[in-house]
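I opened the model to look up two things. They are the contact between the chains and a sheet next to it.

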Amino acid sequence: MNIHEYQAKQIFAKYDVPVPKGIMVESVKDAVIAAQELGGPVWVVKAQIHAGGRGLGGGVKLAKNLDEVEALANEILGMTLVTHQTGPEGKLVQKLYIEDGADIQSELYLSVVLDRKLEMPLIMASTEGGMNIEDVAENTPELIVTVPVDPAIGFQGFHGRELAFGLGITDKAEQKNIITFAQKLFKLYMELDAEMIEINPLVKTGKGEFIALDGKMGFDNSALGRQPEIAAMRDLTEEDPDEVEAAKYGLSYVALDGEIGCMVNGAGLAMGTMDTINHMGGTPANFLDVGGSANAETVAKGFEIILKNPNVKAIFVNIFGGIVRCDRIANGIIEATKITDVNVPVIVRLDGTNAPEAAEILKNANIANLIVGDDLGDGAAKAVAAAKGN
Amino acid sequence: MSILVNKDTKVIVQGFTGKEGSFHAEQCIDYGTNIVGGVTPNKGGQTHLGQPVFNTVAEAVKATGATVSMIFVPPAFVGDAVMEAAEAGIELAVIITEGAPVKDMQAAKAHATKHGMMTIGPNCPGVITAEECKIGIMPGMIFKKGNIGLISKSGTLTYEGANQVCNEGYGITTAVGIGGDPIIGLSYNQILPMFEADPDTECIVMIGEIGGDLEIQAAKLIKEQITKPVVAFIAGQTAPKGKTMGHAGAIVSGSAGTAKEKMEALEAAGVKVVVSPAEIGKAVKELLS
């Protein structure tokens with residue numbers, strides 16, 4: 001789960017990680033009031049959406065007086081912001097963060113992520129702040145400092161020294177500042193079950209202090225149960241409504257831009273089904289994993305969500321029953337055809353637990369538009385043909 | 001022969017009396033798995049599914065001599081359960097539970113390693129040695145005995161792959177579902193050498209997916225150490241970037257972890273890479289005939 005910049009900064013502040021003063025607002029009027037409260041002399045008006053690259057997209061701008069704050073709030077609030085992370089459709093800006101301007105001497109980069117290879121958190125830093133870190137890693141990898149921290153021993157002095165010297169910081173007061181900063185960040189990363197924290201840019205002020213000018217945080221979904229304060233920060237308007245709806249029924253759904261709706265059990269087989277369709281000349285309209293406890297209701301819901309997409313020309317149901325029993329899926333398909341108007345061909349491949357019973361159920365139901373696939377390859381081929389109108 | 005487990009392996013179940021634990025333990029017993037007991041705190045002394053229940057793993061190990069534990073406890077308690085098994089002297093913990101916090105698994109795996117305990121999973125179908133021992137939730141009937149070793153991050157692709165192999169007239173030695181979480185126990189690079197050393201395994205099927213670089217590491221190891229033919233499929237060639245595809249670990253971050261780079265690395269290591277899971281069976285047949 002991801003949160004907004006203003007929320008990440010609330011968390012930072014709680015852990016004594018320095019951030020500029022700021023106020024989140026949802027109207028132009030409140031933006032001006034917030035700016036007055038902050039006092040100036042300059043402010044930054046920042047769009048709050050769950051995506052990076054906001055500045056380049058025109059969602060972060062500097063105001064030198066209250067009139068400019070008002071004009072910029074007017075401009076940014078309600079705009080559809082397109083960045084390299086939003087996709088071409090962009091994201092609607094519904095919240096603004098009005099922030100005090102900072103005294104910037106230099107811009108750095110700092111993040112904490114899980115290193116899957118080392119199986120421990122990794123602190124990453126660079127003197128190349130404000131840039132896309134992937135480009136830095138690609139072009140000038142020597143400018144990236146990486147410090148893995150084993151949680152069993154926690155953040156030690158040497159971790160801090162590796163970080164400070166790695167960034168070429170020679171002033172003793174500045175060394176102390178960056179080390180304390182990183183130490184607090186690591187503490188909150190661990191305590192809050194964060195998946196990643198990224199501060200880009202991290203700013204060094206004229207006084208040699210370090211301030212988080214930006215803040216991006218993602219959390220481990222599996223740990224939200226024990227992090228109620230974090231869970232409460234979830235902003236559903238930032239998520240795909242169909243994905244949210246699907247999740248309520250235990251379905252894992254991701255919309256794609258193709259023509260063949262997919263309903264599959266298991267994430268791996270669901271991806272494999274998309275790949276097979278693609279390989280056979282078709283295009284998948286979605287990823288949909290019905291999960292291990294699929295029943296008639298969830299299958300019907302799956303159909304409903306798939307059919308909301310006007311591009312869908314055929315649906316491929318591909319189930320290899322282990323825990324999921326094929327007869328339940330077959331009943332779900334029949335149920336779905338009663339509840340929703342399934343107006344496209346449905347190709348069904350059911351294998352594994354109770355597959356013969358399922359075949360019998362489907363045969364007896366006599367549903368128009370239903371085509372049986374003998375195996376994965378056969379089912380995918382028939383789905384591709386059906387989507388092309390053959 | 002086989003790897004990791006066989007008909008003599010003594011298995012206990014952590015979370016034995018819970019709904020999931022009970023259901024699957026019973027299926028395992030029916031398959032022939034030598035389940036010698038289970039652990040549920042405060043139910044010690046009872047009998048469940050004809051086997052003794054213990055309060056702690058240490059007691060269970062002492063009384064039964066079990067070396068493997070199948071873990072079904074709820075997600076929030078997985079880390080605890082794994083560390084308990086490690087300290088009690090269990091040699092292999094098979095963690096079926098889905099949704100364990102990553103931080104817990106990180107600590108638990110580090111602790112297991114310190115105590116010399118291997119882990120499989122979490123969020124996996126388990127491990128099965130065909131017609132001998134099933135420790136997990138896979139449908140046992142599709143795993144016919146034979147000469148193909150199988151390693152997979154995905155449960156249902158394990159079934160798909162095993163089924164195709166068997167439909168082509170071959171069978172399985174051992175199949176291991178390693179799970180699709182960001183931190184997992186045994187992976188390709190520990191299991192591939194086991195299959196290489198197993199005299200009954202003639203060919204290996206490995207099924208991977210987008211995210212992380214375990215398949216890239218596997219490609220290196222295969223090139224250097226594996227002489228047996230390997231068939232591979234990588235799921236997620238059509239997955240969009242930056243989206244988690246069901247499995248918590250299945251995400252392409254930036255340009256890293258794509259199916260394409262994994263497929264190319266495996267091909268360069270001499271692996272027969274198929275573009276669709278529908279071709280796994282045929283590819284095995286091609287390599288063995």
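How many residues of chain B are in contact with chain A, and how many of chain A with chain B? I noted first that this is a predicted model. I then found 52 residues of chain B in contact with 43 residues of chain A.

**Interface**

I looked up the area buried between chain B and chain A and got about 3,400 Å², with 59% of it from carbon and sulfur atoms. For salt bridges between the two chains I noted a count of five. I wrote down one pair, R349(A) with E160(B), whose closest N and O atoms are 2.7 Å apart. Polar contacts across this interface come to 13 residue pairs, with both residues at pLDDT 80 or more. On the side of chain B that touches chain A, I found that α4 (102–114), α5 (155–167) and β13 each supply at least two residues. I sorted the residues of that side into 23 nonpolar, 20 polar and nine charged.

**Sheet in chain B**

I traced β13 into an open sheet of seven strands with mixed pairing, in the order β9-β8-β11-β10-β12-β13-β14. Its edge strands are β9 (133–136) and β14 (272–274), each pairing on one side only. From one strand to the next I read an average twist of 15°.

I followed β12 (residues 203–209) and β13 (residues 230–235) of chain B, which run parallel and are joined by six bridges. G208(B) has I234(B) as its bridge partner in β13(B).

**Helices on the sheet**

I found helix α9 (residues 267–279) of chain A packing on the sheet, where it touches β12 and β13 of chain B and makes about 90° with the direction of β13(B). Helix α9 (residues 280–288) of chain B lies across β10 (145–152), β12, β13 and β14 of chain B, and I noted about 160° to β13(B).

Definitions and conventions. Residues numbered from 1 in each chain as written. Chains lettered and ligands numbered in written order. Predicted model: local features only at pLDDT ≥ 70, side-chain atom pairs only at ≥ 80, totals over all residues. Heavy atoms only, no water. Pairing = 2+ DSSP bridges. Helix = DSSP H or I, 4+ residues; strand = E, 2+ residues; numbered from the N terminus. Axes fitted to C-alpha atoms, helices over the stretch in contact; angles between N-to-C directions. Contact = heavy atoms within 4.5 Å. Buried area = accessible area lost by both parts, 1.4 Å probe. Salt bridge = Lys/Arg side-chain N within 4 Å of Asp/Glu carboxyl O. Polar contact = N/O pair within 3.5 Å; in protein donor to acceptor, adjacent residues only side chain to side chain. Nonpolar A, V, L, I, M, F, W, Y, C, P; charged D, E, K, R; others polar.
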